[in-house]
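Here's a short set of exercises to work through with the model open in your viewer. Try each task before you read its solution.

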Amino acid sequence: MRLHGSEGSLNDKESPGRRLDKARATVFTKELALLAGLRQHSAFTAWEPTFGGKFPRQTYDNIIQEVQNILNYMALISYASNILHNHDDNETDQATWLKDFRRLVRSVDVTSQELTSTLALLSASVTNGNPLPPYLHAPEPYRLSQKLEAIDADILHVSHIMEPGYAAFAVMQIASSLISDDMGKLIK
């Protein structure tokens with residue numbers, strides 16, 4: 001939404017961006033509480049009797065850590081994308097690059113339902129106690145840089161490294177790759 005500029009005014013309580021921020025904060029808070037509860041359950045497994053075999057605590061702790069990493073990367077992407085909305089357009093040199101960047105991002109489809117679908121499958125698998133579908137692969141990280149360079153080869157040139165949007169773009173690209181890596185570890 002921020003990349004496309006369809007967020008609207010954050011001062012308006014009914015704007016899509018404001019509602020999304022509120023929902024994002026709610027989900028983030030719930031996720032942190034759930035992770036704390038999972039860590040607490042993991043700590044209690046040391047005193048549980050081992051009827052039927054020992055609880056795979058290391059595997060459980062690894063899953064908790066991967067989910068925490070994904071949550072951290074998503075929060076980082078959210079924070080980094082704020083620059084694309086909150087930048088002062090009065091600075092002409094930077095505003096020109098950022099406007100060009102936004103224009104190019106609007107021309108490519110940057111939404112990916114693969115990550116959401118994979119998370120839904122993982123959730124259903126854990127909730128229902130069923131295995132994941134066979135041959136399920138982690139979603140590939142979105143390669144926005146390749147798509148942007150195909151449209152305008154100069155937009156990501158190293159001469160733009162001082163642009164605030166350039167740094168935000170780099171953070172979002174790296175974090176999305178790390179999310180994909182951690183999703184692959186969760187699926188295994």
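The exercises below go from the whole chain to helices, a loop, a ring pair and a pocket, all in a predicted model.

**Exercise 1: the overall layout**

Work out how many helices and strands the chain has, and what fraction of its residues is buried.

Solution. Start with the secondary structure: you should get six helices and zero strands. Reading along the sequence, that gives the pattern α-α-α-α-α-α. Next, run the accessibility over the 188 residues of the chain, and 29% of them come out as buried.

**Exercise 2: checking the span of two helices**

Compare the end-to-end C-alpha distance of α1 with the span expected at 1.5 Å a residue, then do the equivalent for α4.

Solution. Take α1, residues 16-44, to begin with. Its 29 residues reach 42 Å from the first C-alpha to the last, close to the expected 42 Å. While you're there, pick out the buried residues of α1: they are G17, L35 and S42.

Now move to α4, which covers residues 113-128. With 16 residues it should span 22 Å, and its end C-alpha atoms are 22 Å apart, so the two values agree.

**Exercise 3: the faces of α4**

Find the buried residues of α4 and decide whether they line one face of the helix or not.

Solution. Step one is the list: T118, L122 and S125 are the buried residues of α4. Step two is to look down the axis of α4, where these buried residues fall within an arc of 65 degrees, so they line one face of the helix. Step three is the other side of α4, where Q113, T116, T127 and N128 are exposed.

**Exercise 4: three residues in a loop**

Sort P131, P133 and Y135 into buried, partly exposed or exposed, and check the phi of Y135.

Solution. Begin with P131, which sits in the loop between α4 and α5 (144-151). Its relative accessibility is 71%, and the cut-off for exposed is over 50%, so P131 counts as exposed. The C-alpha of P131 is 9.6 Å from that of L121, ten residues away along the chain.

P133 is in the loop between α4 and α5 too, but at 37% relative accessible area P133 is partly exposed. Its C-alpha is 9.9 Å from the C-alpha of I187, though the two positions lie 54 residues apart in chain numbering.

Y135 also belongs to the loop between α4 and α5, and its 76% relative accessibility makes Y135 exposed. As for the backbone, most residues other than glycine have a negative phi. Y135 has a positive one, near 60 degrees.

**Exercise 5: an aromatic pair**

Count the aromatic pairs and say whether the rings of F55 and Y60 are stacked, tilted or edge-to-face.

Solution. The count comes to one aromatic pair. The ring centres of F55 and Y60 are 5.3 Å apart and the planes meet at 70 degrees, so this pair is edge-to-face. For the surroundings, F55 is partly exposed at 35% relative accessible area, and Y60 is partly exposed at 22%.

**Exercise 6: a pocket lining**

List the residues that line the second largest pocket and split them by class.

Solution. The volume of this second largest pocket is about 150 Å³. Its lining is made up of T45, A46, E48, P49, T50, G53, K54, F55 and R57. By class, you get three nonpolar, three polar and three charged residues.

Terms used:
Residues are numbered from 1 along each chain as its sequence is written. This is a predicted model: local features need pLDDT of at least 70, side-chain atom pairs count only at pLDDT 80 or more; totals for chains, interfaces and linings use all residues. Side-chain values use heavy atoms; hydrogens and water are left out. On a 1 Å grid over the protein atoms alone, a cavity is a set of points where a 1.4 Å probe fits but cannot get out, and a pocket is an open set with protein on both sides within 12 Å along at least five of seven lines; lining residues have an atom within 4 Å of a point. Grid points are joined across faces, edges and corners, and a volume is the space filled by probe spheres set on the points. Ala, Val, Leu, Ile, Met, Phe, Trp, Tyr, Cys and Pro count as nonpolar, Asp, Glu, Lys and Arg as charged, and the others, Gly among them, as polar. Rings of Phe, Tyr and Trp (its six-membered ring) pair if their centres lie within 6.5 Å; planes under 30 degrees apart count as stacked, over 60 as edge-to-face and the rest as tilted. Buried means under 20% relative accessible area, exposed over 50%, partly exposed in between (1.4 Å probe, protein chains only). Helices (H or I, at least four residues) and strands (E, at least two) are DSSP runs, numbered from the N terminus. The expected span of a helix is 1.5 Å times one less than its number of residues. The arc is that of the directions from the helix axis to the C-beta atoms.
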